[in-house]
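Reader: I am new to this structure and should be grateful for a close look at a single part of it. Please choose one loop and explain how it relates to its surroundings.

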Amino acid sequence: MLAQDIIVRPVVTEKGMSGIAAKKYTFEVAKAANKIEIAKAVEELFKVKVAKVNTVNVRGKLRRQGRYQGYTRSWKKAYVTLTEDSKSIEFFEGMM
């Protein structure tokens, strides 16, 4: 898999933005990607050094629209922590 295929999008939420000071970033990643592939993809795309990666499988939630109901899609979330000597990711700096 290519790095662009592994990292789907950044997760820009209030909780996700609170970790930026500690160099912790949140991404939506491909469901088939493992921690090693995620770390290599972040290092390649953003030119940083990754200390650790934590992953969470997010289940789809039940949503209703009138009498119809269905589930939102399930996806995989990755919390990426950078090393202390690594530079920060510029994309998230503009969000704060």
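**The loop between α3 and β3**

Author: Lysine 47 lies in the loop that runs between α3 and β3. The model is a predicted one, and the description below should be read with that in mind.

The backbone of this lysine deserves attention. Most residues other than glycine have a negative phi. Lysine 47, although not a glycine, has a positive phi of about 55 degrees. Is lysine 47 buried or exposed? Its relative accessibility is 60%, and the cut-off for exposed is over 50%, so lysine 47 counts as exposed.

A second lysine invites comparison. Lysine 23, in the loop between α2 (14-18) and β2, has a phi near 60 degrees, again a positive value in a residue other than glycine. Its relative accessible area is 18%, and buried means under 20%, so lysine 23 is buried.

From lysine 47 one may turn to valine 42. Apart from neighbours within four places in sequence, valine 42 is in contact with Lys47, and also with Ile7, Phe27, Val48, Val50 and Val80. Valine 42 belongs to the largest nonpolar core, which has 22 residues; Val42 is among those with the most contacts inside it, together with Ile7, Phe27, Ile38 and Val80. At least two residues of this core come from each of α1 (3-6), β2 (24-29), α3 (35-46), β3 (50-58) and β6 (75-82). The most is given by α3, which supplies four residues.

On the other side of the loop is β3, and with it the sheet. Strands of a sheet pair through backbone hydrogen bonds, either parallel or antiparallel. Here four strands form an open sheet in the order β1-β2-β6-β3, with antiparallel pairing. The edges are occupied by β1 (7-10) and β3; each has a single partner strand, so one side of each is left without a neighbour in the sheet. From one strand to the next, the twist averages 30 degrees.

The pairing of β3 with β6 is antiparallel and extends over eight bridges. One residue may serve as an example: lysine 52 has threonine 81, in β6, as its bridge partner. The helix before the loop also meets this sheet: α3 packs on it and touches β1, β2, β3 and β6, while the direction of α3 makes about 120 degrees with that of β3.

To return to the starting point, the loop that holds lysine 47 stands between α3 and β3, and α3 itself packs on the sheet, in which β3 is an edge strand.

Conventions: Residues are numbered from 1 along each chain as its sequence is written. This is a predicted model: local features need pLDDT of at least 70, side-chain atom pairs count only at pLDDT 80 or more; totals for chains, interfaces and linings use all residues. Side-chain values use heavy atoms; hydrogens and water are left out. A nonpolar core is a set of buried Ala, Val, Leu, Ile, Met, Phe, Trp, Tyr and Cys residues joined through side-chain atoms within 4.5 Å. Buried means under 20% relative accessible area, exposed over 50%, partly exposed in between (1.4 Å probe, protein chains only). Contact means heavy atoms within 4.5 Å. Two strands pair if DSSP finds at least two bridges between them. Axes are lines fitted to C-alpha atoms, for helices over the stretch in contact, and angles run from 0 to 180 degrees between N-to-C directions.
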